[in-house]
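Here's a quick tour of some sheets, the helices packed on them and one polar residue. Have the viewer open while you read.

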Amino acid sequence: MNYKEIYRQWCTDPCFNEETRAELQALAQNEAEIEDRFYRRLEFGTGGLRGVIGAGTNRMNIYTVRQATQGLANYILENHGQHKGVAIAYDSRRMSAEFSEEAALCLNASGIRTYRFESLRPTPELSFAVRHLGCLAGIVITASHNPAEYNGYKVYWEDGAQITPPHDKNIMAHVEAVTDYSLVKTMDKDSAIAAGLYHTIGSETDDLYMDQLKQQCIHPQMIREAAKDIRIVYTPLHGTGNVPVRRVLKELGFAHVFVVKEQELPDGTFPTVTSPNPEDEKAFALALKLAEEVDADIVLATDPDADRLGVYAKDTKTGTYVNFTGNMSGMLIAEYILRERTRTGTMPERPALVKTIVTTEMARAVAADYHTTLIEVLTGFKYIGEQMKRFEQEQSYQFVFGLEESYGCLAGTYARDKDACVAVMMLCEAAAYYKTQGKTLWDAMMDLYDKYGYYKEGLATVTLKGIDGARRIQQIMGQARNNPPEMLGGCQVLAVRDYKENIRKDMRTGETAPAGLPVSDVLYYELEDRAWCCIRPSGTEPKIKYYFGVKGSSLQDAQNRLDRLEKDLTRSGN
C-alpha cells in the first residue's frame, strides 16, 4: 500500500483507538504531514527506535512501540529467554511511562517476564539492572537529549550493553517481519501480575546501583576532608538525574550542592530549554546564573536519561565560567583515574582505556603515559560495552575507563553504557583533589594541554529531514567515498578508512588494508600533523555529522587549525 492507503486504514480501522483516529482525521487537508507520517515505517535501527511522538507509521506511538516489542519478543522466544526476562526503564519524556508499560504488557502476552522500574530511572541504571537481575534483554524508553517532541526505544542485551552484532541485525529482522498491527499481542496488567509475568523493581536496585557508583571512588577520605570547600551547581534539566546524582554526592560528603530549582523536577515538555542537551550552551543559562550567585567551582548538567554530562568550571584568572567539551571533561576524568590508580597501586595488571574513533587523540598520549592499552571502536558507546564483554570472555584486558566525544563516559564495569552519575562523582572527586592543590578544573585542564599537547576537536551537523533529506545524505556520502580530497584544512590526506567497504587506503602509495572495525557507513581521513576528520550519517536522526580534530602549539593555534579544517570539510559535503 502507498502512504495514502495506509493513512486511510489508520483513520478507519478499529485496531487503532479513537484518539489516534481523531488525530489523523484532523490532518485530512495536510498532504505533506500525512506523507511524512506514513511514507515509511519508523526505522528500527541498530539502537532501536527514535522519532517524533504522534500517530502514524513514522512516529513514536503505542502501536509502533508494540510492533517493535513484538519483534523483540519473538527473538527472545527463539533464544529461549522468556524466563530470564526483560528489564525496563524510562525517563521523564512525554509518553515514556505509557510506552514502557505497553512494552512490558506486550512481552508478558508472549509469556516473557518483565521487571519494570516503578518510576523514572537513568539509562545506566537499566544497564546495571539487566546484569544484576540476569535478564536476557533490557528496554529503556528515552530520546536522550533530543527536543521535547521526540521519544525513543533502546534495546539492551544480557551483557548490559546496547545490542550489537549479531543480535542487532537479528532483532531488526524480527521487528521488520511484524507487519500487521492487529496481530501484535498485549494483555491487561492485572492478569500479567497474577500470572507472575509483570514485576515492579525500585529501591533495592537503586541501593545496589548506588553502592557500585561509590566503589569507583579512589580517595573517599580526601573527599570527606575537602568536599566542604567545593561548591557545586547541578541541573538535571527536568530529567532522571536529580535523585541519583544528589544522593551519591551527599553520601560521599559533598556538602554544598546547589540544584537549579526551575529544572529540578521531571517535565517532559522541558519548559526552560529549547533542547535538554548538556552539549548546548543555552541549556546552561539558569545554572550559570545560579553559579554566579553562589560562587560555584563547577557547574554540571545531565541530560534527561542521565547518561551524558555537560560541564563548566571557573577560570580564577578571569572569574568567568569556561565550557568543557565532552573530550575535555572525559580526559580530565581519565587522566585522574589513571594517575591516581597508578599512584595508589590499584591499577589492574593489564589496564585498557577504550574510546571511539571520533574521540580526542589526547587519549592516546595519556594512555601511553600510564602504560595503558588504548583500544578504538566505532562511534557509539555500545561498542565500548562490547569490548568490556570481550575483555571478560578472553581474560585479555581489564577495563578502566571508556569515553566518547558526545559527553559520555564510564568508570568501572558495573554497567555497560555511559553513566553521567558516575561522571559527576568522579569529576567532583577530581575537583576536590585539585582544590587541595590550589587549582581549579580549568587549571588542571591547562596542565593536561601543557603536558600532552593542545588537542582540539569539533563537530558540525547538517540536518536534512524527510525523503529528499535522506537522499541528499546518501549523495553526500557517495561523493565523499568516490572522490576523496587530497587536502583538508591545509593538511595532506594521508589515508582514508572506509568502514563500509572495510578498506584503509594509503593515499601516498595506493596500498590498501582492512580498516579493522565492523562494517559501518563511516569515512575517516587521516591527515598530517596528527589531524583527522570523519563523516557519517546519524543512526538515530536525519543528520549527517562531520567530526574533526587537530593538535596545535597553543589553544589559539589549535583553534585556528580547527576552523580551517571545519570550513574545508563541510564545504566539501555541500
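## Helix 12 and its sheet

Let's start with helix 12, which lies across strand 7 (231-235), strand 8, strand 9, strand 10 and strand 11. Its direction is at about 160° to that of strand 7. Keep in mind that this is a predicted model.

The strands under helix 12 belong to an open sheet of five, ordered 8-7-9-10-11, and the pairing is mixed. At the edges you'll find strand 8 (256-259) and strand 11 (320-324); each has a single partner strand, so one side of each has no neighbour in the sheet. From one strand to the next, the twist averages 25°.

## Strands 10 and 11, plus another helix

Strand 10 (residues 309-315) pairs with strand 11 in the antiparallel sense, over five bridges. If you want a residue pair to click on, try Val-311, whose bridge partner in strand 11 is Phe-324.

Helix 13 (residues 326-343) also packs on this sheet, where it touches strand 10 and strand 11. The direction of helix 13 makes about 90° with that of strand 11.

## Asp-297 in its loop

Now follow the chain on from helix 12 (285-294): the loop between that helix and strand 9 (298-302) holds Asp-297. Is Asp-297 buried or exposed? Its relative accessible area is 19%, and the cut-off for buried is under 20%, so Asp-297 counts as buried.

What does the side chain of Asp-297 make a polar contact with? The partner is the side chain of Lys-435, at 2.9 Å. Leaving aside residues up to four places away in sequence, Asp-297 touches Asp-229, Ile-230, Arg-231, Ala-313, Lys-314, Tyr-321 and Lys-435.

## The four-stranded sheet

Further along the chain there's an open sheet of four strands, in the order 13-12-14-15 and again with mixed pairing. Its edge strands, strand 13 (373-377) and strand 15 (408-411), each pair on one side only. Neighbouring strands here are turned by 20° against each other on average, ignoring direction.

Strand 12 (residues 351-356) and strand 13 run parallel and are joined by five bridges. Within strand 12, Leu-353 stands opposite Leu-374 in strand 13. This sheet has a helix packed on it as well: helix 15 (residues 381-394), which touches strand 12, strand 13, strand 14 (398-404) and strand 15. The direction of helix 15 makes about 175° with that of strand 14.

Methods: Residues are numbered from 1 along each chain as its sequence is written. This is a predicted model: local features need pLDDT of at least 70, side-chain atom pairs count only at pLDDT 80 or more; totals for chains, interfaces and linings use all residues. Side-chain values use heavy atoms; hydrogens and water are left out. Two strands pair if DSSP finds at least two bridges between them. Helices (H or I, at least four residues) and strands (E, at least two) are DSSP runs, numbered from the N terminus. Axes are lines fitted to C-alpha atoms, for helices over the stretch in contact, and angles run from 0 to 180 degrees between N-to-C directions. Contact means heavy atoms within 4.5 Å. Buried means under 20% relative accessible area, exposed over 50%, partly exposed in between (1.4 Å probe, protein chains only). A polar contact is a pair of N or O atoms within 3.5 Å; within protein, one must be able to donate a hydrogen and the other to accept it, and residues adjacent in sequence count only if both atoms are side-chain atoms.
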